[in-house]
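This report walks through one protein chain, from its sheet to the helices around it. Please keep the sequence and the model in view while reading.

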Amino acid sequence: MKVTIYTDGSARGNPDGPGGYGTILHYTDRAGVLHTREYSGGYKKTTNNRMELMAVIIGLEALTKPCEVEVISDSRYVTDAFNKRWVDGWLKKGWKGSAGPVKNVDLWQRLLAAKGPHRVRFVWVKGHNGHPENERCDLLATTAADGTELLDDIFQG
């Protein structure tokens, strides 16, 4: 089955402030019917990279069977980490990069676990450039960041 995951994150311009992630999952079932699932959530004291990683993770974790997945992301960092195989290098070097320790190791590990049996390809798109699904993800992420009921810890139930 082929699946497209559109992701976005919003830290609202403040790494110590609230952030939100938005994920839209498009997939076609065996009958050829297109389905859409949307997710959003908040995260306190974080950065936009963590938001984008959470958006990818949520989409991958929603899949119950091995799929061919295309992740559409406006985060150059996330797409380059996979397309240029930085993650492989970080694993070999014990999560150390050329600039020192890699940030967000907890989320990178969770993302690799969520990737599991899926064949995943990351595609970078410039933000706000007319991809309607990406714009919807941005809206989900911004709404989550602006919400008053933010999660203290995304890893709790």
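Which residue in β2 is the bridge partner of Thr 7? The partner is Thr 23. This is a predicted model, and the pair is a good place to enter its sheet.

**The sheet**

The sheet is open and has 5 strands. Their order is β3-β2-β1-β4-β7, and the pairing is mixed. Strands β3 and β7 form the edges, each pairing on one side only. On average, neighbouring strands are turned by 20° against each other, direction ignored.

Strand β1 spans residues 2-10 and is mostly covered, with 8 of its 9 residues buried. Its two pairings are set out below.

| Strand paired with β1 | Sense | Bridges | Example partners |
|---|---|---|---|
| β2 (residues 19-28) | antiparallel | 8 bridges | Asp 8 with Gly 22 |
| β4 (residues 68-73) | parallel | 5 bridges | Ile 5 with Val 71 |

In a regular strand, side chains alternate between the two faces of the sheet.

The edge strand β3 covers residues 34-43 and holds Gly 42. Is Gly 42 buried or exposed? Its relative accessibility is 7%, so Gly 42 counts as buried. Gly 42 and Met 54 are 12 residues apart in sequence. Their C-alpha atoms lie 9.9 Å apart in space.

**Helix α1 on the sheet and against α4**

Helix α1 packs on the sheet. It touches β1, β2, β3, β4 and β7. The direction of α1 makes about 155° with that of β1.

Helix α1 (residues 48-61) also meets helix α4 (residues 105-115). How do their axes cross? They come within 9 Å and cross at roughly 20°. Angles under 35 degrees count as roughly parallel, and α1 and α4 are therefore roughly parallel to each other. The crossing is left-handed.

The α1 side of this contact consists of Arg 50, Leu 53, Met 54, Val 56, Ile 57, Ile 58, Leu 60 and Glu 61. The α4 side brings Asp 106, Leu 107, Trp 108, Arg 110, Leu 111, Ala 114 and Lys 115. By class, the contact has 10 nonpolar and 5 charged residues, with no polar ones. Met 54 thus appears twice in this account: in the contact with α4, and in the C-alpha distance to Gly 42.

**Helix α2**

Helix α2 lies across β4 and β7. It runs at about 135° to β7. Which residues of α2 (residues 76-83) are buried? They are Val 78, Thr 79, Asp 80, Ala 81 and Phe 82. These buried residues pack against helices α1, α3 (86-92) and α4. They also pack against strands β4 and β7 (119-124). After α2 comes Arg 85, which has a positive phi, near 60°.

**Asn 134 in helix α5**

Helix α5 covers residues 132-146 and includes Asn 134. Why does Asn 134 count as buried? Its relative accessibility is 3%, and the cut-off for buried is under 20%.

What does Asn 134 touch, leaving out residues up to four places away in sequence? The contacts are Tyr 6, Thr 7, Asp 8, Ile 72, Ser 73, Asp 74 and Val 125. Two of these names have come up before. Thr 7 bridges to Thr 23 in β2, and Asp 8 bridges to Gly 22 in β2. Asn 134 therefore leads back to the opening pair: buried at 3%, it touches Thr 7.

How values were computed:
Residues are numbered from 1 along each chain as its sequence is written. This is a predicted model: local features need pLDDT of at least 70, side-chain atom pairs count only at pLDDT 80 or more; totals for chains, interfaces and linings use all residues. Side-chain values use heavy atoms; hydrogens and water are left out. Axes are lines fitted to C-alpha atoms, for helices over the stretch in contact, and angles run from 0 to 180 degrees between N-to-C directions. Helices (H or I, at least four residues) and strands (E, at least two) are DSSP runs, numbered from the N terminus. Angles under 35 degrees count as roughly parallel, over 145 as roughly antiparallel, 65 to 115 as roughly perpendicular and the rest as oblique. A crossing is left-handed if the near helix is turned anticlockwise from the far one by less than a right angle, and right-handed if clockwise. Contact means heavy atoms within 4.5 Å. Ala, Val, Leu, Ile, Met, Phe, Trp, Tyr, Cys and Pro count as nonpolar, Asp, Glu, Lys and Arg as charged, and the others, Gly among them, as polar. Buried means under 20% relative accessible area, exposed over 50%, partly exposed in between (1.4 Å probe, protein chains only). Two strands pair if DSSP finds at least two bridges between them.
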